[in-house]
Amino acid sequence: MNNWLNRLERKYGRYGIPNLTNILVAGQILVLAIELFVDRTISFWLGLSRSLLLQGQIWRVISFIFIPFSGGSILSVVLGIYFTWFVGTALEREWGDFRYTVYLLSGVLGTVLGCLLTGVTASTYCLSLSLLLAFAMLYPEVQLLLFFVIPIRVKYFGIFAAVLWVFSFLGASLPGKLDYLLSMLNVWLFFAPMAYRSLRAWVRREQWKRKNRR
């Protein structure tokens with residue numbers, strides 16, 4: 001893991017938030033229940049919007065994460081919440097409270113920055129993708145049951161999430177592209193150095209192979 005994270009953890013490790021995934025998922029379940037049975041406008045009062053933030057509604061920098069990402073149906077929302085819980089708790093066990101807190105909150109920070117700089121209304125779309133990508137990077141060969149029936153390795157979920165993000169990025173406007181980049185801040189912070197080292201090692205291996213063929 002990155003050296004800067006090791007230094008941060010030694011100095012501030014006590015500030016990690018325990019059971020952060022459970023807090024996140026409990027909030028999303030509560031918001032879903034309110035939306036279904038009490039007030040369908042609850043997401044409006046919690047969502048992240050630059051204009052409303054500038055009016056002083058600062059609670060939105062946190063409250064938006066409790067709006068579950070909707071794929072268009074109640075079933076997709078429920079499955080998304082379950083998957084967030086499953087992936088998030090696994091990352092908490094692997095990284096510990098502090099690193100997981102940094103990962104999640106840096107994703108939130110990137111999303112808020114993207115919203116403020118571009119004016120694009122934010123959602124938990126990229127935050128959910130970032131959790132799935134981290135899980136796929138850490139457990140690529142673990143098998144999950146797609147639709148609770150079809151066994152599939154986690155790395156393919158990760159590839160799907162990456163492709164989904166790329167297509168969303170390419171199809172967005174210029175401000176939208178900046179928003180997508182910033183919303184994945186946690187992924188860049190945690191995994192870009194590792195990806196760079198892997199790429200550099202691969203380039204060196206290829207150079208060594210070409211040199212030895214001569």
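A cavity here is a set of grid points where a 1.4 Å probe fits but cannot get out. By that reckoning, this predicted model holds one cavity of 30 Å³ or more, and about 50 Å³ of space lies in the largest cavity. The second largest pocket has a volume of about 230 Å³. Below is a quick run through both spaces, plus three helix pairs: H9 with H10, H1 with H7 and H2 with H7.

**The cavity**

- The lining of the largest cavity consists of Leu24, Gln28, Ile65, Thr84, Thr124, Leu127, Ser128 and Leu131.
- Two elements give two or more residues to that lining, namely helix H2 (20–37) and H8.
- H8 is the top contributor to the cavity wall, with three residues.
- Class by class, the cavity lining splits into four nonpolar and four polar residues, with no charged ones.

**The second largest pocket**

- This pocket, at about 230 Å³, is lined by 11 residues, and those closest to its centre are Leu133, Ala162, Met184, Val187 and Trp188.
- Helix H8 (125–138), H9 and helix H11 (185–213) are the elements that give two or more residues to the pocket lining.
- H11 supplies the largest share of the pocket lining, five residues.
- On the class count, the pocket lining has 11 nonpolar residues, no polar and no charged ones.

**H9 against H10**

- Helix H9 (residues 154–170) packs with helix H10 (residues 174–183) at an angle of about 150 degrees, and their axes are 8 Å apart.
- Since that angle is about 150 degrees and anything over 145 counts as roughly antiparallel, H9 is roughly antiparallel to H10.
- On the H9 side, Trp165, Ser168, Phe169 and Leu170 do the touching, and they meet Lys177, Tyr180 and Leu181 in H10.
- This H9–H10 contact comes out as five nonpolar residues, one polar and one charged.

**H1 against H7**

- Helix H1 (residues 3–12) and helix H7 (residues 97–118) have axes that come within 10 Å and cross at roughly 120 degrees.
- The H1–H7 crossing is right-handed.
- From H1, the residues in contact are Trp4, Leu5, Asn6, Leu8, Glu9 and Tyr12; from H7, they are Phe98, Arg99 and Val102.
- Sorted by class, the contact of H1 with H7 has six nonpolar residues, one polar and two charged.

**H2 against H7**

- H7 also pairs with H2: their axes come within 10 Å and cross at roughly 40 degrees.
- That angle makes H2 oblique to H7.
- Leu20, Thr21 and Leu24 of H2 make the contact with Tyr100, Thr101 and Leu104 of H7.
- The H2–H7 contact has four nonpolar and two polar residues, and no charged ones.

**Residues and helices to look at twice**

- Leu24 turns up in the lining of the largest cavity and also in the contact of H2 with H7.
- H8 shows up in the lining of the largest cavity and again in the lining of the second largest pocket.
- H9 gives two or more residues to the pocket lining and also packs with H10.

Conventions:
Residues are numbered from 1 along each chain as its sequence is written. This is a predicted model: local features need pLDDT of at least 70, side-chain atom pairs count only at pLDDT 80 or more; totals for chains, interfaces and linings use all residues. Side-chain values use heavy atoms; hydrogens and water are left out. Axes are lines fitted to C-alpha atoms, for helices over the stretch in contact, and angles run from 0 to 180 degrees between N-to-C directions. Helices (H or I, at least four residues) and strands (E, at least two) are DSSP runs, numbered from the N terminus. Angles under 35 degrees count as roughly parallel, over 145 as roughly antiparallel, 65 to 115 as roughly perpendicular and the rest as oblique. Contact means heavy atoms within 4.5 Å. Ala, Val, Leu, Ile, Met, Phe, Trp, Tyr, Cys and Pro count as nonpolar, Asp, Glu, Lys and Arg as charged, and the others, Gly among them, as polar. On a 1 Å grid over the protein atoms alone, a cavity is a set of points where a 1.4 Å probe fits but cannot get out, and a pocket is an open set with protein on both sides within 12 Å along at least five of seven lines; lining residues have an atom within 4 Å of a point. Grid points are joined across faces, edges and corners, and a volume is the space filled by probe spheres set on the points. A crossing is left-handed if the near helix is turned anticlockwise from the far one by less than a right angle, and right-handed if clockwise.
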